[in-house]
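Open the model in your viewer and keep the selection tool at hand. This tour goes stop by stop.

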Number of protein chains: 2
Amino acid sequence: MVKVQRGQASIDGARRRLQMADIARLAGVSTATVSRALSHSPLVNVETRARILELAQSLKYSINVGAQNLRLKQNRTVSVMIPFERDTRQHLSDPFLLAMLGSLADALTEQGFDMLFSRIGSDELDAAAAPFDSGRSIGILLVGQGRHHEQINELVARHVPIVVWGAQLPDQLYCCVGSDNVRGGEMATSHLLALGRRRIAFLGDLALPEPLQRYRGYCAALERHGIGVDPRLQVSVSFLPDGGMQGVQEMVRRAEPFDAVFASSDLLAMTAIDTLRTHGVRVPDDVAVIGYDDIAQAALFHPRLTTVHQPIAAAAETMVAALLSLIDGGPVRSVELPTVLSIRASAGELLA
Amino acid sequence: MVKVQRGQASIDGARRRLQMADIARLAGVSTATVSRALSHSPLVNVETRARILELAQSLKYSINVGAQNLRLKQNRTVSVMIPFERDTRQHLSDPFLLAMLGSLADALTEQGFDMLFSRIGSDELDAAAAPFDSGRSIGILLVGQGRHHEQINELVARHVPIVVWGAQLPDQLYCCVGSDNVRGGEMATSHLLALGRRRIAFLGDLALPEPLQRYRGYCAALERHGIGVDPRLQVSVSFLPDGGMQGVQEMVRRAEPFDAVFASSDLLAMTAIDTLRTHGVRVPDDVAVIGYDDIAQAALFHPRLTTVHQPIAAAAETMVAALLSLIDGGPVRSVELPTVLSIRASAGELLA
DNA sequence: ATGAAAGCGCTAACAA
DNA sequence: TTGTTAGCGCTTTCAT
């Protein structure tokens, strides 16, 4: 009986993986020559090189990256992590994250890096460095800083190269890339005020840095218009899709009149609108709604969603560039990307 | 001047990565003993082992997985790929994909495997095997077979371990995991017929295996009810979010009356409903709508979306199990997971 | 119970 | 232009 081990080719069935020595033998040269040929070294004879390259190609031989990395002491793999709340054991659901992930994959590929993806329970964020510590990746891109400010700072103290998508905070030792959340919140709120709305509900978890900063922008806009901030208009809801529903239901329960909603994500805004509709509230006539992110669906939702646009592709490129610079010992600064308000029907056009 | 190279720690700034020899020196033993201690070998003295483990832990030393893999000829990394259409250069946008990705990450982690993620242009699917050929991963999980049936077959002929999320096809050499698309299409259509709908529009790209099979189920249900299939009710649209809009607009342009829509994804169903609404059509009163996937938002959408549920977590576990079995040379069969109709307001409850 | 030494697949001096 | 050789960080015989 043949004992077969997980994660390893079976001894009997699979034929041995092709390796450089095989190519060398078939080409009648040494492995050194093959190595040189495959790296397009000018040292090797043009014809020999052509022969070797052709041979390798036809046999689909590909250099063993693990061995190559070991020898070269290099590594072209980056970890991407998305924290999730352990208790809610929720599937990833926000389209914004998917777009971000796709853009990060693109940006990394563009730079010739592979992406090692993991979800990570927010209770075990200290384990986030494992892929780095074990040499599987050269650095970490963390999408969403959550409540982990301190833990991330500790990673930096341990010299773990990490770049975070999130909001800038005081005492922040790590490099952080994010949109200008305060300005975003301010623009959204100002727009609602300009539309004549005065009782604007805010939906978002103030325990998280990004919603908090959006809320600060919201407050700033209100105060600039001489309108006091009413805490009864603020509802703390998570980023999960039912947050929008819960936010609206809470407002209804509070019996607090409101004529607008500013939600901290498009997903929240959309489920909030759906819930408003089930309560017979018209959007934007009775309640205007603005979201945050500007995901693809926002422009197709009914009513078309007004939202604060986050430049995802630029964000991903910035994060990747920052991480690589960090690893190279180059200069790294946190970046706030500019945000733009995409004005659509859910919080109508201004009559210019 | 110090030349710094990408993907490599800078020579000056970063301190050398800790390695086994360091731990050995500090513990006053040989690397062999450290290796044994870290693998909890009973060969090493209990006290020595404790001392070494403690030392390693406090120094955050972690075995270099690359070197370990090379020595052990093992590898615990799996590639996950999502093809995208090169021309539309579209960001990933379907929440279903994100949920799938998250579940795959969970299932792989559960089995102690890492996930190497890449998007891959559908024109270069033959390059999908690169991570496998170069020994970075031991197999491939492809999410979405698209139009790549033949290319995937070729990979299998090359003995590349691959498991695909998609539909079962004739002449299929690869292992395929998917939901029972025909049955799903049939259930959705039967439900609409039972609601008294007779002119059911079908939205989906028949060039793709999954929508095609859902369409077959749709046709089967119609015929069983003695209703002919009307090609004017079928609109080919992509899985991109604006597909729903385009589908409805096309139906309107055709001036073809219809009282129901069966869309091949929830995303399409949702944007279709939004577009119907802008045309003043009431859902479900004028037109009932059923989607496919049962993503988290479906239950929160207005109206609550009736949809064919795909068991994502089970799907991911099945795919991972199949791939590992395939790699171990074990038996592998394609699997069709059962589908259930989640009945909600968009295609109302049956009055029992 | 521990260490010395060989070798995983590759690259880069160095020699020829 | 090519080959020989040493060694990347680790594990595992084999010897002690």
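A polar contact here is a pair of N or O atoms within 3.5 Å. With that cut-off, start at A:Ala67: one of its backbone N or O atoms lies 3.3 Å from a base nitrogen of DNA strand C. Keep in mind throughout that this model is predicted.

**Stop 1: DNA strand C**

Stay with this strand. Select A:Tyr61. A polar atom of its side chain is 2.4 Å from a phosphate oxygen of DNA strand C. Now switch to chain B and pick B:Arg71. Its side chain places a polar atom 3.0 Å from a base nitrogen of DNA strand C. Which elements give two or more residues to the surface near this strand? Colour H2 and H4 of chain A, then H2 and H4 of chain B.

Next, show everything around the strand. You should find 25 residues surrounding DNA strand C, with A:Met20, A:Tyr61, A:Arg71, B:Arg71 and B:Lys73 the closest. By class, this surface has eleven nonpolar, nine polar and five charged residues. Look at the DNA side too. Sugar or phosphate supplies 66% of the strand C atoms within 4 Å of the protein, and bases supply the rest.

**Stop 2: DNA strand D**

Move to the other strand. Here 24 residues surround DNA strand D, and the closest are A:Thr33, A:Arg71, B:Met20, B:Tyr61 and B:Arg71. Of the strand D atoms that come within 4 Å of the protein, 65% are sugar and phosphate.

Zoom in on three contacts:

- A:Arg36: a polar side-chain atom lies 2.7 Å from a base nitrogen of DNA strand D.
- A:Lys73: a polar side-chain atom lies 2.7 Å from a phosphate oxygen of DNA strand D.
- B:Asn64: a backbone N or O atom lies 3.2 Å from a phosphate oxygen of DNA strand D.

Which element gives the largest share of the surface near DNA strand D? Select H4(B); it contributes four residues. By class, the surface near strand D has eleven nonpolar, eight polar and five charged residues.

**Stop 3: the aromatic rings**

Leave the DNA. Over all chains, the structure holds eleven aromatic pairs. One of them joins B:Phe202 and B:Tyr218, a tilted pair with centres 5.5 Å apart and 55° between the planes. B:Phe202 sits in strand E6 of chain B and B:Tyr218 in helix H9 of chain B, 16 residues apart. Are these two buried or exposed? Both B:Phe202 and B:Tyr218 are buried.

In chain A, select A:Phe202, A:Tyr215, A:Tyr218 and A:Phe262 together: they form one aromatic cluster.

**Stop 4: charges over rings**

Finish with two arginines. A:Arg214 lies over the face of A:Tyr292, 3.6 Å from the ring centre. In chain B, the charged end of B:Arg76 sits over the ring of B:Phe113, 4.2 Å from its centre.

Note on methods:
Residues are numbered from 1 along each chain as its sequence is written. Chains are lettered from A and ligands numbered from 1 in the order in which they are written. This is a predicted model: local features need pLDDT of at least 70, side-chain atom pairs count only at pLDDT 80 or more; totals for chains, interfaces and linings use all residues. Side-chain values use heavy atoms; hydrogens and water are left out. A residue is near a molecule or strand if one of its heavy atoms lies within 4 Å of it. A polar contact is a pair of N or O atoms within 3.5 Å; within protein, one must be able to donate a hydrogen and the other to accept it, and residues adjacent in sequence count only if both atoms are side-chain atoms. Ala, Val, Leu, Ile, Met, Phe, Trp, Tyr, Cys and Pro count as nonpolar, Asp, Glu, Lys and Arg as charged, and the others, Gly among them, as polar. Rings of Phe, Tyr and Trp (its six-membered ring) pair if their centres lie within 6.5 Å; planes under 30 degrees apart count as stacked, over 60 as edge-to-face and the rest as tilted. Buried means under 20% relative accessible area, exposed over 50%, partly exposed in between (1.4 Å probe, protein chains only). A charge sits over a ring if NZ of Lys or CZ of Arg is within 6 Å of the ring centre and within 35 degrees of the ring normal.
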